[in-house]
Amino acid sequence: MLVHICCSVDSHFFLERLKKDFPDEKLTGFFYDPNIHPYSEYRLRLLDVERSCKKLGIELIEGEYDFENWLEAVRGLENEPEKGKRCEVCFDRRLEVAAKKAKELGEEKYTTTLLVSPLKSQQQLKSSAERIDRKLGLKFVFVDYRSRGGTQEQARVSKEEQLYRQDYCGCLFGLAKQRAEQEQKNRFLYAESSQLLDEMISPLTNRILPASIEERLALYRERIRLEEKGIPYKIIKEKFLNWRILRGFVKVSKQTVPSYFLAYSIMKREYAKGKIEFEVEDVGYMNRDEAKFITIEKFNKLTGSDFKDTKELMLKGVEFEKEVEARRAVVFGEYDLSPVIVTDTIPDSKVEVFLQSKIYVDVRENLVTLR
Ligand code: SF4
């Protein structure tokens with residue numbers, strides 16, 4: 001039987017149950033999920049499914065990541081709610097490709113781990129499968145592992161196996177809707193919450209940002225390494241203040257100059273116009289928004305880098321932690337959020353600063369080794 005797989009949290013429990021209920025079947029996993037966006041999230045979910053299938057001794061085939069075709073299929077349905085028409089098309093597509101793969105492999109039966117997800121409509125999945133079965137002459141295996149305590153059991157397995165628990169279904173549209181709803185709820189909890197789709201932000205420099213998908217990917221790769229070495233570990237969560245820059249630039253005498261805003265720089269308004277009032281120890285103090293300027297030379301000294309100019313820094317960046325260290329050396333204490341801006345030279349005439357950035361409460365995962 002070919003088993004279409006959506007994620008490890010659903011597949012690990014589902015495959016365990018399927019193995020028990022169909023002891024004579026050779027199960028083959030098929031990861032076909034071009035709905036998952038961005039691509040780094042797709043890699044992360046696949047990585048965890050690979051780990052899970054390996055543990056269960058199940059062969060896994062990766063389908064094509066044909067994201068553009070998926071987008072085309074759901075065109076016009078972007079604003080549909082979850083369990084709506086877009087999800088129907090999404091299921092049709094994934095199940096049809098899975099059914100074709102089953103046929104190609106000479107299988108007569110196929111199923112999907114989506115059936116066990118508490119957030120999916122089993123009725124929608126059933127209807128999609130019936131249409132496909134009529135078209136391709138295959139047999140979709142419907143199993144309900146959610147009822148009679150199944151969902152609770154699935155949660156237990158997921159915790160025990162420390163599976164990667166994504167916090168959105170997969171697509172960009174579902175995520176945008178979910179974030180808008182979270183924003184409404186969190187408004188009363190945090191003075192500054194966020195509807196920022198930080199999953200969709202990747203910096204020009206490709207550096208790894210805190211709580212980004214890339215950071216999680218590195219962590220889940222590391223856990224595989226620990227497991228291979230037999231080192232016990234725990235994945236723990238921590239709440240922290242996160243930061244993302246959306247846009248920022250500096251003009252000196254009306255000319256845009258290369259500039260780089262250090263992490264946790266934020267302004268009350270997005271625009272400030274003024275001048276550098278004084279300089280102390282190579283830090284230029286602007287008379288607006290507590291902004292501070294340092295030269296690329298000073299930045300190089302603080303971070304042990306050797307960027308030839310600010311432009312190079314803008315394109316290459318430095319590790320996030322190093323940047324935070326450099327910031328600490330310039331501002332007054334841990335909680336100072338003034339904009340700190342790197343330029344080639346400290347501006348000596350009229351300066352305009354434009355900055356759109358966000359600071360927000362976030363949660364990240366960390367690995368703790370137990371010895
Ligand atoms: S919310 Fe989930 S099931 Fe619905 S379209 Fe998006 S990825 Fe597919």
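This passage looks at the ligand site and at two buried residues, Ser128 and Leu262, in a predicted model.

The ligand is a good place to start. The space it takes up is the largest cavity. Around the ligand sit Asn35, Trp70, Glu82, Arg86, Cys87, Cys90, Phe91, Arg94, Cys169 and Cys171. Sorted by character, the residues of this shell come out as 6 nonpolar, 3 charged and 1 polar. When it comes to which element supplies the most, helix H4 (residues 85-104) takes the lead, giving 5 residues to the shell.

Next comes Ser128, which belongs to helix H5 (residues 122-136). With its relative accessible area at 0%, Ser128 falls under the 20% limit and so counts as buried. Setting aside neighbours within four places in sequence, Ser128 is in contact with Glu88, Phe91, Asp92 and Leu95. One of these partners, Phe91, also turns up among the residues around the ligand. With Asp92, there is a polar contact as well: the two side chains meet at 2.6 Å.

Leu262 tells a loop story instead, as this residue lies between strand E8 (260-261) and strand E9 (271-274). Its relative accessibility is 0%, so Leu262 is buried too. Once neighbours within four places in sequence are left out, the contacts of Leu262 are Trp243, Phe299, Glu323, Ala326, Arg327, Val340 and Val342. As for Phe320, its C-alpha lies 9.2 Å from that of Leu262, although 58 residues separate the pair in sequence.

Notes:
Residues are numbered from 1 along each chain as its sequence is written. This is a predicted model: local features need pLDDT of at least 70, side-chain atom pairs count only at pLDDT 80 or more; totals for chains, interfaces and linings use all residues. Side-chain values use heavy atoms; hydrogens and water are left out. A residue is near a molecule or strand if one of its heavy atoms lies within 4 Å of it. On a 1 Å grid over the protein atoms alone, a cavity is a set of points where a 1.4 Å probe fits but cannot get out, and a pocket is an open set with protein on both sides within 12 Å along at least five of seven lines; lining residues have an atom within 4 Å of a point. A molecule sits in a cavity or pocket if more than half of its atoms lie within 2 Å of its grid points. Helices (H or I, at least four residues) and strands (E, at least two) are DSSP runs, numbered from the N terminus. Ala, Val, Leu, Ile, Met, Phe, Trp, Tyr, Cys and Pro count as nonpolar, Asp, Glu, Lys and Arg as charged, and the others, Gly among them, as polar. Buried means under 20% relative accessible area, exposed over 50%, partly exposed in between (1.4 Å probe, protein chains only). A polar contact is a pair of N or O atoms within 3.5 Å; within protein, one must be able to donate a hydrogen and the other to accept it, and residues adjacent in sequence count only if both atoms are side-chain atoms. Contact means heavy atoms within 4.5 Å.
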